Amino acid sequence: MREEAAIDVEGALDDVWTSAPHPVIVADAEGVIRSASDAARDALPGLRTGRHLSDCAPWLWEAHVRHGDAGPAQTETGPDGCTARPTPLPRGEVAWWLFPAGRAGAVTDAGRELRAVERELRRERERANFLDEVSAVLMASLNADRCMEAIVRVAVPRLADGAVVIAPPSGPRLDMVCTAGTVEHRSVEADPATVAGLTEALRGFPPVPSRWIDPNSVPDWLIPRDLTGTVGSVVVTPLPGHGVPAGALVLLRHSAKSAFDDGEEVFARLFAARAGAALSAARLYAEQAAITRTLMDELLPPKLAHQHGIEIAGGYRAAEDHQTVGGDFYDVHPATTPDDETLVVLGDVCGKGLDAAVLTGKIRNTLQALAPLADDHGRVLRLLNRALLSAAHTRFATVVLASAARRDDDVALRLTSAGHMSPLIVRRDGSVEEAGTRGMLVGAVPEITATTCETILEPGETCLLYTDGVTEARGGPMGNEMFGEERLAAALSECAGLPAEAVVERIMMLTAEWIRQRGHDDVAVVAITAPRRGRRAESVLRSEVRR
């Protein structure tokens, strides 16, 4: 069956070669003629299938030998002026296309047509390669301005003597980039309707033919400054984007050059399609980046400062260097009056990255609304727990609440942990205590409980709130050892009497040195410190200054 199928295929191919309108001879590697067109039989009398090339055309047999020994040969010319061009075929066969000299009629016309087709094929290949290069250049930048510059640079001189890219208008002014050698940015107050087809192109409608545009009517604001001479031909085509127009492309040629033909206009549209896709992607990226920055600004931990005589400082480092936010967070809700309590919140959401950051934003917003109820930590945590359970998520969080108020020279603290590590307190003598508060994490079960403890910070003493990104940070000499609570307590003991900013900077620095360049979890630290100089000392100092 396979042999019969192979015979059928070979027979079909023989029919194709025989019926070819142009003189062609198919010979195998040994020079035996396997097939030939009727036109070839007319050009070479005595040509028969099965005969050897040396019997019919010795000069063609010599060319055939050179073709087999040294690869594809150039065009060969016989003694009678007949030329032949080889085309390699499978199984070592070669098709020789003959161009008899001095034969008029169909053979000569066919040769001219073949050469014209070859020229057009080379031209299309060059254009296809150019468009591939254009895509690579334009997609290399996601900056809209640089993308517009790249479009006009690529268009000149390959497509025209001058090129202009006009952005979609958002008011009476048109923003554009143009060049005839030097790239120039322009913003002009002009009416695009003064240029035939420009208004339609900016709206994404199909372009008008170049012959419909009068070059003499092109306004000066559309012509690049370094375009010498007069404009002789103009193409205006839209830049199609992703669902919305990305602008318009204007190509200009000198009057001394030929006008744009139909093929060149089609090619300009193909170029504009690639350019519009790149420009649209750059603008979409810019919009998304702006939205992301706005959202990130809301999710980033706030800058902390002194609140009613209490030093509060914080430090944050996301899990990955390329991420700005993560699952760890802290926030401060200042007291209304000096005698009221300032609420400090620090927490850790399960997971990391943007998904955890979204829940972090929800928790922070919820606690912002619950801040007026902070005199009862348990109630705040229960309401937060219900809010998280009602949301469509499966993540939970740990939270620690700290309410601080200035009491003469001291700072009174109320601390409540909901599944979080208990805060550490460093006294003036360097001793470190763990706050006696415990509780259940939020967002996991319907009902939670938590205990609140109270303590006093004397001048120079600090309460440290931290996430497990500090104690569980892996590093050290071997690279896999956790920083641990003992090292944290020892480091905090050395911070006795330091301001809150110095305490946070010391802990963050030691953690970074421990981790070095290794991967790590989110890290968040908040220090609440009673200033060494209290109200009484300040009053005495002011009295002495007055005296």
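Two residues are in contact when they have heavy atoms within 4.5 Å of each other. On that basis, among contacts in this protein between residues at least 6 apart in sequence, 62% join residues at least 24 apart. The model is a predicted one. Its 547 residues, 46% of which count as buried, give a secondary structure of 14 helices and 22 strands. The accessible surface comes to about 27800 Å², with 52% of that belonging to carbon and sulfur atoms.

Turning to the interior, the largest nonpolar core has 33 residues, and those with the most contacts inside it are Ile 151, Leu 251, Phe 271 and Leu 279. The elements that give two or more residues to this core are three helices, α5 (106-138), α6 (144-158) and α8 (262-299), along with two strands, β6 (162-166) and β10 (248-254). Helix α6 supplies the largest share, nine residues. As a general point, nonpolar side chains tend to be buried together in soluble globular proteins.

Leu 279 gives a good look at how these pieces meet. Leaving aside neighbours within four places in sequence, Leu 279 is in contact with Ala 144, Cys 147, Met 148 and Ile 151, and also with Val 165, Leu 239 and Ala 246. Leu 138, found in helix α5, makes a handy companion case. This leucine counts as buried because its relative accessibility is 2%, the cut-off being under 20%. With neighbours up to four places away again set aside, the contacts of Leu 138 are Cys 147, Ala 150, Ile 151, Arg 274, Ala 275 and Ala 278. Cys 147 and Ile 151 thus turn up in the contact lists of Leu 279 and of Leu 138. Between the C-alpha atoms of Leu 138 and Gly 276 there are 9.6 Å, although 138 residues separate the two along the chain.

Strand β10, one of the contributors to the core, is joined to β9 by seven bridges, and the two run antiparallel. Within this pairing, Val 234 stands opposite Leu 252 of β10. Strand β9 (residues 231-238) has seven of its eight residues buried, so the rest of the structure largely encloses it.

Further along the chain sits an open sheet of five strands, in the order β11-β22-β19-β16-β17, with antiparallel pairing. At its edges stand β11 (311-317) and β17 (432-434); each has a single partner strand, so one side of each is left without a neighbour in the sheet. From one strand to the next, the twist averages 20°. At the β17 edge, three bridges pair that strand with β16 (residues 424-426) in the antiparallel sense, and Leu 424 has Glu 434 in β17 as its bridge partner.

Two helices accompany this sheet. Helix α12 (residues 484-493) lies across β16, β17 and β19 (462-466), and runs at about 30° to β16. Helix α13 (residues 500-515) also packs on the sheet, where it touches β11, β19 and β22 (523-529), its direction making about 20° with that of β11.

One last residue worth a look is Ser 417, which lies in strand β15 (residues 410-418). Ser 417 counts as buried because its relative accessibility is 0%. Not counting residues up to four places away in sequence, Ser 417 touches Val 399 and Val 400 on the N-terminal side, and Thr 437, Arg 438, Gly 439, Ala 450 and Thr 451 on the C-terminal side.

Definitions and conventions:
Residues are numbered from 1 along each chain as its sequence is written. This is a predicted model: local features need pLDDT of at least 70, side-chain atom pairs count only at pLDDT 80 or more; totals for chains, interfaces and linings use all residues. Side-chain values use heavy atoms; hydrogens and water are left out. Two strands pair if DSSP finds at least two bridges between them. Helices (H or I, at least four residues) and strands (E, at least two) are DSSP runs, numbered from the N terminus. Axes are lines fitted to C-alpha atoms, for helices over the stretch in contact, and angles run from 0 to 180 degrees between N-to-C directions. Buried means under 20% relative accessible area, exposed over 50%, partly exposed in between (1.4 Å probe, protein chains only). Accessible areas come from the Shrake-Rupley method with a 1.4 Å probe; for residues, only the protein chains shown count as cover. A nonpolar core is a set of buried Ala, Val, Leu, Ile, Met, Phe, Trp, Tyr and Cys residues joined through side-chain atoms within 4.5 Å.
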